[in-house]
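Student: Before we use any of the labels for this model, could we go through what each of them rests on?
Tutor: Yes, let us look at it together and take the labels in turn.

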Amino acid sequence: MTVMQLGVLFGAIVLSVLVVWFFFFSEKTGARLVVSSGVQEANIVVKGGYTPDVLVVKAGQPVRLNFNRQETASCSEMVLFPDFNKSAKLPTSETVSLEFTPDKPGEYDFQCQMGMLHGKLIVE
Amino acid sequence: MVKDPVCGMDIEEQSAFAARNMDGTTYYFCSQDCVDKFDANPKKFVHPSNDTQPIVSSATTGVNPKLAGSLHVELPIVDLDCATCALTTERVLDSLDGVQKANVNFATAKAHVTYDPKRVSLPDMEHAIKQAGYTVGGAKTQIGIQDLRCASCVNFIEETLQATPGVLKASVNVATQQANIEYLPGVTTLANLRRALESTGYKTVEPSKGMPPEDAERAARLAEYLNLRNRFVFAAILSAAVLVLTYAEFIPVLQTIPTQINWIILFVLTTPVLFWAGSRFFVGAWSAFRHHAADMNTLIALGTGAAYLYSTVATFLPGVLPAALRAVYFDTTAIIVALILLGQMLEARAKGQTNEAIRKLMGLQAKTARVVRDGEEVDIPIEEMLVGDVVIVRPGEKIPVDGIVREGTSTVDESMITGESLPVSKKLGDEVIGATLNKTGSFRFQVTKVGKDTALSQIIQLVQQAQGTKAPIQRMADVISGYFVPTVILIAIWSFALWFIFGPQPQFVHALVSAVTVLIIACPCALGLATPTSIIVGTGKGAENGILIRSAEALETAHKLSAIVLDKTGTITKGKPELTDVVEAGSWKLEIGKSNLQPLMSNLQLLALAASVEKSSEHPLAAAIVEGARARGITLADATDFDAVPGHGVIAMVEGRRVLLGNVKLMAQNKIALGDLDIAARHHADDGKTPMYIAVDGEAAGIVAVADTVKDDSREAIARLKQLGLEVVMITGDNQRTADAIARQVGVDRVLAEVLPEDKARNVQMLQREGKVVAMVGDGINDAPALAQADVGFAIGTGTDVAIEASDITLIKGSLMGVVVAIELSKATMRNIKQNLFGSFIYNTLGVPVAAGVLYPFFGILLSPIIASAAMAMSSVTVVSNALRLRGFKPSAAK
């Protein structure tokens, strides 16, 4: 094995570790929702993903999420909260609000209809 | 402070925009606009009697309300929920200065107020009612105002609008250039409001109705499609040039171009393809990257980016690469981008068709209605319609909203809502559904539901909600999607490394090509698209056939059903008793004491007597007899001395004869010998009917039998359910004998009779314990717990009540055939989803390894990245096209 080949092998190992870490283990930043007049509210931009994509809320208090989709790719056309049986169609550059009250603490996923974009709702 | 005579704004004299002198008075203006208006027609603004507060005449009557006497208004109050609340509201209104008389009717939920418009206004009343805790049911509208510049003209416009009869609240927003008005559509109309607004000197903008949602969606789709098409055309043209130049050495004219120069030309041609036409991949990949996520864009961006970067290095810095490795892949880069754009373009067009069903439903909405207001027929937009309005519908016209027929008869084509292809006849008291088409006669109906409460709006809402839910089968695809892209990236890294280390010469080229091919061929989108597109088409198809599926889960479960429980009353049967038999007693065929063999009383005469007696009764069975008699063209006589004997029957005098109608107890009490009638009665009871004896002048005269009859197509539907492999069970609270009789008629083998309503759910559960997947079909009212308990609850709807909470699937047309169609649709949809999932799964699990080169050691096959991109583009188009095949679904009964 030449030095070059060893270098490539080593590079592949390092890259693989990086990829796995990046997608599955790296820390995602969460956003605590702002409470205004009893409702926990957040504005979420939908563009290749949800920004912010980790939302921290308190249990038993109504949550209002204002989604604004800033792309035309049809992947993100719908946002789903399967655990709360809530979904909304997101027309491009329109703000659509979803409201519900999470009762039980826990971690709930939300996603686009095709499961390509993911976000997490952490109920405390 | 002075007032601008044009807009009414209060301004400081020294800070006024301009001033004019007329008839010895100086007038000040707030803006150029006001001056211009004044100059154009000063007389309009300067009026001797005008005490600076312009008089606004009523837009409705043309009479200044300030000069008129007392007025009367009807205020709908929406949340009046108790009789005492009506009193409270009445007292609150009465206490207002200027209200002469207030009368709140709890039943109609309306306040009738007589008031002096000089002392009290509608907004005052609205405010008072709100203070009392109730809401006045007004309509809301926005009217655009042209060139609204000065913020203080706002007050003036608001005051003018509020002084207009029928306006509850008006606010003007300078930022949006709009007046937001809450008004009583029964008192004024949009046109009047606009006229009132224009009386202030401003022009109104044609109401920006906005685009109807279906058009907006279509426009967005079209824009997306055109965008993709432009990018594709651009990429395709440049790619063709790139392709030609790549093979320049084989083309005589181009052979003379030095390689290095040729590569630079290729670079120049490819760069815009990648970074303009293909920019969406990089933008998408970057935003996904920032979310620590990866999608199809990531793969394409990585693949094309790697090929492009390497080629660019080879073009401009050939020195860093060994001579053998100097090669460019600009053709690959450009063609991949073009092909994937083509795929996305085709996919966008196909996806636009998936929701055709919803668009069709939205398009059904009528725009205007002819309503009777103050005794006159007026055409109004349907947004202004109110519950309680009387609407006139002529032949060939669309019925605008839901209501109840009050006058006239007709036949109506309801196929667009219920899926029923035969026109339905409508008479007094029948329900009509908005968006259906009136065929033959003209009629008037009273509106019962408007806006989002109409059956059509609810259907659209339900279907849209269902399309946003997830089928359980998608969970597997979701789990795979989560790991898919990172896995593909890992495979690409390792196929590069393995080719580089173990591959044949030229190792680097093989390594690069295989890594790029792996990235390009993988198609996570196909997997992601597989379930939702089929669900969207399937639920839409259901709505077209009068089947409302509430969730993707219900649609999925329906194909696995093994048993179906049918409620008897209202599901298998019509749920309403009908007259079935009239039997005259043999003894009555001879007039006693005479040798005349003519029957004294014919079948019809007997029925006439029975119906005449029952005319005065309120019992549901009585109604069936009366209805039956009317249907046979019998004119009913008046009954006197009517006496109802509870639990026995009724007694009355008809045309001088004493008629008894009731059960055996009534006959026994009156000592009437039944003779052979007893046998006939028992025979009818065995058939599930309810027989009633008739005695005339102390003699048994005959029997009338009444029964809840079976719906016309119940038998066929049950046969089909059996064909679909389901065990059919009938459940009823009726006695075993009646239940058995009905079961025999329709061909049900298993009968659960004498089940209390609260026990129905337990019976469903018992079937589930037998290991069956159970569906329950009922009317959704008294069997709600059973519907909820069942794996799939079907509610048989009637008319406009489509949002039946407990059900998973609502059948708008009250026929059992809907259950058959729903199960067939579920089977077709699930088959489609499985094809899609299987296809995309197989595609990826075969495509990725082949791209990585697993076939190379054995067959020497290595895929070109261009082939990979074509395959990838076609795979998602195929999934969507396959889902679109569901649009061709036809219920077996219609075939």
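**Labels and what they rest on**

Tutor: In this predicted model, chain B holds an open sheet of four strands in the order β9-β10-β8-β11, with antiparallel pairing.

Student: What makes β9 and β11 of chain B edge strands?
Tutor: Strands β9 (167–173) and β11 (204–205) of chain B each have a single partner strand, so one side of each is left without a neighbour in the sheet.

Student: How do you know that β8(B) and β11(B) are paired?
Tutor: Pairing asks for at least two bridges between two strands, and two bridges join β8 (residues 139–145) of chain B to β11(B), so the pair qualifies, and these strands run antiparallel. Within this pair, Gly144(B) is found opposite Val205(B) of β11(B).

Student: And what holds paired strands together in general?
Tutor: Strands of a sheet pair through backbone hydrogen bonds, in a parallel or an antiparallel manner.

Student: Turning to helix α7 (residues 213–246) of chain B, where Glu224(B) lies, why is Glu224(B) called buried?
Tutor: The cut-off for buried is under 20% relative accessible area, and Glu224(B) has 11%, so the residue counts as buried.

Student: Which residues does Glu224(B) contact, once its neighbours within four places in sequence are set aside?
Tutor: Glu224(B) is in contact with Thr72(A) and Ala73(A) from chain A, and with Arg280(B) and Ala348(B) from chain B.

Student: Why, then, is Lys47(A) called partly exposed?
Tutor: Lys47(A) has a relative accessible area of 36%; since buried means under 20% and exposed over 50%, this value falls in between, and therefore the residue is partly exposed. Lys47(A) sits in the loop between β3 (39–46) and β4 (50–51) of chain A, and, not counting residues up to four places away in sequence, Lys47(A) touches Gln70(A), Glu71(A), Val283(B), Ser287(B) and His291(B).

Student: What of chain A as a whole: how do you know that its radius of gyration departs from that of a compact globule?
Tutor: A compact globule of 124 residues would have a radius of gyration near 14 Å, whereas chain A has 19 Å. The C-alpha atoms of chain A fill a box of roughly 65 × 35 × 20 Å along the principal axes. As for its elements, chain A has one helix and 11 strands, and 44% of its 124 residues count as buried.

Definitions and conventions. Residues numbered from 1 in each chain as written. Chains lettered and ligands numbered in written order. Predicted model: local features only at pLDDT ≥ 70, side-chain atom pairs only at ≥ 80, totals over all residues. Heavy atoms only, no water. Rg over C-alpha atoms; globule rule 2.2 N^0.38 Å. Buried < 20%, exposed > 50% of the residue type's maximum accessible area, 1.4 Å probe, protein only. Contact = heavy atoms within 4.5 Å.
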